[in-house]
Amino acid sequence: MSNTPPTSALPLAGIRVLDLSRVLAGPWCTQTLADLGADVIKIERPMKNGVGGDDTRGWGPPFLKDRDGADTAEAAYYLGTNRNKRSVTVDIATAEGQALIRQMAAQCDVFIENFKVGDMARYGLDADTLRKLHPRLVYCSVTGFGQTGPYSERAGYDYAIQGMGGLMSVTGERDDLPGGGPQKVGVAVADLFTGMYATVAILAALRHRDATGEGQVVDMALLDTQVAMLANLGANYLTTGVAPKRIGNAHQNIVPYQVFEAADGHLILAVGNDSQYAKFCDVAGRPDLAQDPRFIRNADRVRHRAVLVPQLADILKTRKKHDWLSALEAAKVPCGAINDLGEVFADPHVESRGMTVAMPHPLTDGLRLVASPMKLSATPVQYRRPPPLLGQHTDEVLQELGVGEAERTRLRESGAI
């Protein structure tokens, strides 16, 4: 007998989300809500002249392979952010499509969109309009710069936001070293963090709605999120008035906490406190470095970074990385390998934590996705639906929401769906 709880036991069972977001930040939010049990209805553009659906469906290669090994139209990028959703095609540029969305929104708990500021008002789908029709609705907008402020009408993209929001000023090698200069992070972290903050805000708004009967508007901006996620570096600047600089793979506030070269590759040494530093020195056979008054406390090690780190670099080069990792792990000194993605997904711990999931898909029997990291003891995440084909659930969803067959035929003939 399966131990998987019924869908009704999921924490967001009974919550319906009308999702007009595309690309990454919004879909990352709604995939998280869907993983927790919400019924997410993904609204996409109908296919016209070979163009339609979420832009990321075509952001490849790589594309999903079908059962014959040929590329499908489903890009890996799209597949990674849209499981557990149902796809409905609606052309919101048409009056009929707009009316249909308003009708659907009246039967939903959450409405999320990431159109440019003002677009939703032109379609009659803005927060004021929809919340007058449905006061309990939680309406979430995700934009680059928010609904207010001098940049509000600009388009916002993760790469530009990483630059504007300060992340690239502290990411990359030092300017005075080979390879120095600004670098973006390898994944779209401003988008991803905005999606997660949006998830938290929506859940808080639903909690408030359940307590008061009143929905509200959630205004999420990529730039706001990027500024917030500067975290300790933002606090460093606000405390001192001095902007932190790029320091490569080192840590601004902790030493030694960086990448070092071993005899046969690289490893991460992540000493987090003075006790761990002393243990590292014992493993390295250099207890004198733990007794040197310049290095005993972390604050002193940070001040004398330029003296200490070159000595540690010479020491780390004397042994192979496996030898270092084994000895440091035994001594409870934080350290780690630097894995490529093949090594990540082959790692026995990653495998034991169930961080990949196989899902059935209409086009293949071999779809594997990165799993959710949320581990809930009573209401575990369920993988109910693979990322949908474009418009796969149009008739199913509209019928559930009271749109009869004759009306669906009329809407289809008009091009609204």
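Two strands count as paired when DSSP finds at least two bridges between them. Keep that in mind for the opening stop, and remember throughout that this is a predicted model.

**Stop 1: a hairpin**

Select residues 63–65 and 71–75. These are strands S3 and S4, which run antiparallel and are joined by two bridges. To find one of the partners, pick Lys65 in S3 and look across to S4, where its bridge partner is Asp71. Now show what connects the strands: five residues lie between S3 and S4, and together the two strands make a hairpin. Click on Gly69 in the turn, where phi is positive, about 85 degrees.

**Stop 2: a loop residue**

Move on to Val187. You'll find Val187 in the loop that runs between helix H6 (158–164) and helix H7 (189–212). What does Val187 touch, leaving aside its neighbours within four places in sequence? Show Gln162 and Leu192: Val187 is in contact with both. For a sense of scale, add Arg408 to your selection. From C-alpha to C-alpha, Val187 and Arg408 are 40 Å apart, and 221 residues separate them in sequence.

**Stop 3: helix H13**

Select residues 305–316. This is H13, a helix of twelve residues that reaches 16 Å from its first C-alpha to its last, close to the 16 Å expected at 1.5 Å a residue. Show side chains for Arg305, Leu308, Val309, Leu312, Ile315 and Leu316, which are buried. Turn the view until you look down the axis of H13: the buried residues fall within an arc of 120 degrees, so they line one face of the helix. The spacing makes sense, because an α-helix has 3.6 residues a turn and residues three or four places apart point the same way. On the other side of H13, look for Ala306 and Asp314, which are exposed.

What covers the buried residues of H13? Switch on the surroundings and you'll see, among them, strand S9 (257–262), strand S10 (265–270), helix H10 (274–284) and helix H14 (321–330). Helices H11 (288–291) and H12 (298–303) also belong to that cover.

**Stop 4: a sheet and its helix**

Stay with S9 and S10, and add strand S11 (335–336). They make an open sheet of three strands in the order S9-S10-S11, with antiparallel pairing. S9 and S11 are the edge strands, each pairing on one side only. Between S10 and S11 there are two bridges, and you can pick out one pair by selecting Ile268 and its partner Gly336 in S11. H14 packs on this sheet, touching S9, S10 and S11, and its direction makes about 20 degrees with that of S10.

Which residues of H14 are buried? Select Trp324, Leu325 and Leu328. They cover an arc of only 95 degrees around the axis, which puts them on the same side of H14. His322 and Ala330, on the other side of H14, are exposed. The cover over the buried residues of H14 includes S9, S10, H10, H13 and S11. Just after H14 comes Lys332, with a positive phi near 65 degrees.

**Stop 5: the cysteines**

Finally, colour the cysteines. A disulfide needs two cysteine sulfur atoms within 2.5 Å, and by this rule the count is zero. Take Cys108: its sulfur is 14 Å from the closest cysteine sulfur, in Cys29, too far for a bond. Is Cys108 buried or exposed? At 2% relative accessibility, Cys108 counts as buried. For Cys335, the closest cysteine sulfur is in Cys281, 15 Å away and too far for a bond. Cys335 is partly exposed, with a relative accessible area of 21%.

Notes. Residues numbered from 1 in each chain as written. Predicted model: local features only at pLDDT ≥ 70, side-chain atom pairs only at ≥ 80, totals over all residues. Heavy atoms only, no water. Helix = DSSP H or I, 4+ residues; strand = E, 2+ residues; numbered from the N terminus. Expected span 1.5 Å × (residues − 1). Buried < 20%, exposed > 50% of the residue type's maximum accessible area, 1.4 Å probe, protein only. Arc of directions from axis to C-beta. Contact = heavy atoms within 4.5 Å. Axes fitted to C-alpha atoms, helices over the stretch in contact; angles between N-to-C directions.
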